[in-house]
Amino acid sequence: MSDSAPTLILTGGQVLTIDSRFRVAEGVALRGREVLATGTDTEMRALAGPSTSIVELAGRAVLPGINDSHLHGVAYGMTKPPFAVNVGHPAVASIADIVRVVSDAARSTDAGGWVVGIGWDPGYLAECLADRRRFPHRRDLDTVAPDVPVCLTDFSSHMMWVNSAALRLCGIDVLTPAPDGGVIDRDSEGQPTGILREAAQMLVQSALPSPTVAQRKTAIQSVVQNLHSRGITSYTEPGLGPGGDKTLFGGLGTDNWIAYSELATAGDLNARVSVLLLPAPIGGSAEDVCKGLTELHRPGSADSRILNAIGVKIFADGVPPNRTAWMREPYTGGGHGSLCVHGNSPALQTDELYEMIRVAHEAGYQLGVHVTGDHAIDLVVDAFLAAEAAVPRPDARHYIIHGDFIGGESLAKLAANGYGVNMNPAIKWTISDLMDEVVGAERSAYQWPVRSAMEAGVTVCASSDAPVTEPDWRQGVASMMLRESKASGRTSGPEQRVTLAQALRAYTSAPAWQDFAEDWKGTLEPEKAADVCVLDRPLLDLDPHALTEVQVDLTVFDGRIVFER
């Protein structure tokens, strides 16, 4: 076979190159690990050599490999059996359903073990829907697990529901103070109800059993196979490091880098993984950031196109459904939320947040800051600018993670300084009805203002935040185009709808920019990475409501077919 001939040609279809002109070709030719050419069916066939494999598309659409730009890979893997029980919608529909799941798990738990689960959402629990004053309580779990500790993380990973056995084991009682940036829900007598929010989760997380490196590697490989079936070839793992050592299922921090690194070194990591290091936990401080970065020393990788520690993640506030995002105007029913960093007053927390961002910026890292409330977002953006003013960097590419209620002034500042925002359209789809009750209809409709951000000139990436939602880019694209809710189908914020081209860029070329990799991945252009997603039908002119019915027929990663339906 000639060295110049393609190894694989996909032709006779609708190839969406996602280049700057959104050019549509009929075929794409790959040679080894790179795209060789795109063009007409005739042009592609003319390139074939005697050993070239040809895939007949028969009109099907082709995209660059999808890039889920904020996906907790290890945590997503650890939410699946045998590591955890599923207590999310639609697997459960009520507190009673969850109690039955916990009862079954408790009976098979070894002495000294825990029942661990993830996914519960009060917006989909029958008892909570019937009575807005009803909320999950430790007593619900105590009825079936009086002696086995139970820890159930909610769908957002910002709230935890535990039983009395877990509270006893962790020494949490009426006298236990909430840590900075955390909330312990209490009853009228001051007793913990079993609900721990934000940094308060760490009071229990530190006691959870820690998976081995081998178990983490198994989880990662399982996740990558799942992603291949969805056409996803790249993702950002947002939060590995000492700040994550006590998050979610315990010890999911430093050892995760070891797991990823061993897989990459062995050639067994079949995805492109960009990593945000997490030097400080929720409720952390600038001192934590300094210490964490000193311990990490930006770990290296044998192939930076496979595994790359690219930036640092910091938590600024909580999440709106839990009323822990820091908002300028109060939530319905009162309260503004708060920052979730070290400090016992808003002023001290603001100073601490500025210092955390300054430290990471001056260390030379890209910053991805989890921030959702409009008040907190404005602070973070101004902290970016203050850090840049102190230590100018030509292309830092800092970005806001989530940015639920980002306003026009902050969008303009992001655009002017080459910063981005990473949004979650499938979460919008999931919670938009609930948010009407939390922040009112007007603010709920604005939440995740994708179109406003794009029109302001901000690079917008879209992501699943799995395991918060499934890593389903089809649902994300549909949500960006329709702004309809999962529960009722009602439209929320139609003025923030975007086009198919804009939505697809947010899952391909924009995440490549976020990864500092736009020169070698994210579009189907010559010399770009040979990462390809083949769908089962044409995509242009498809009704957005039908997007979630589209199937992935074939996934190519690094020039190799890694999934075929």
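This text walks through a few local features of the structure, from aromatic rings to a covered helix. The model is predicted.

Start with the aromatic rings. A pair of such rings is described by the distance of the centres and the angle of the planes. Here the count comes to three aromatic pairs. One of them joins W120 and F135. Their centres lie 6.1 Å apart, and the planes meet at 75°. That makes the pair edge-to-face, because the angle is over 60 degrees.

Where do W120 and F135 lie in the chain? W120 belongs to strand β8, residues 115–120. F135 sits in the loop between α4 (126–130) and α5 (138–142). The two are 15 residues apart in sequence, so the pair ties these parts together.

Are the two residues buried or partly exposed? W120 has a relative accessible area of 0%, so W120 is buried. F135 has a relative accessible area of 27% and is therefore partly exposed.

W120 has a second ring partner, W161. This pair is also edge-to-face. The centres are 5.4 Å apart, with 70° between the planes. The pair links distant parts of the chain: W120 in strand β8 and W161 in strand β10, residues 159–162. They are 41 residues apart. W161 counts as buried because its relative accessibility is 0%. Taken together, ring pairs link W120, F135 and W161 into a cluster.

Another ring, that of Y124, has a charge over its face. The residue is K486, at 5.4 Å from the ring centre.

Now turn to helix α11, residues 346–362. H361 is found in this helix. Is H361 buried or exposed? Its relative accessibility is 0%, so H361 counts as buried. What does H361 touch, once neighbours within four places in sequence are left aside? The contacts are L367, A387, E388, V391, R393, A396 and H398. The list includes another histidine, H398, and two charged residue types, with E388 and R393 among the contacts.

Last comes helix α17, residues 473–482. How many of its residues are buried? The count is 10 of 10, and the helix is mostly covered. W473 and R474 are buried, as are Q475, G476 and V477. A478, S479, M480, M481 and L482 are buried too. The helix is followed by R483. The phi of R483 is positive, near 55°.

Definitions and conventions. Residues numbered from 1 in each chain as written. Predicted model: local features only at pLDDT ≥ 70, side-chain atom pairs only at ≥ 80, totals over all residues. Heavy atoms only, no water. Buried < 20%, exposed > 50% of the residue type's maximum accessible area, 1.4 Å probe, protein only. Helix = DSSP H or I, 4+ residues; strand = E, 2+ residues; numbered from the N terminus. Contact = heavy atoms within 4.5 Å. Phe/Tyr/Trp six-rings, centres within 6.5 Å; stacked < 30°, edge-to-face > 60°. Lys NZ or Arg CZ within 6 Å of the ring centre and 35° of its normal.
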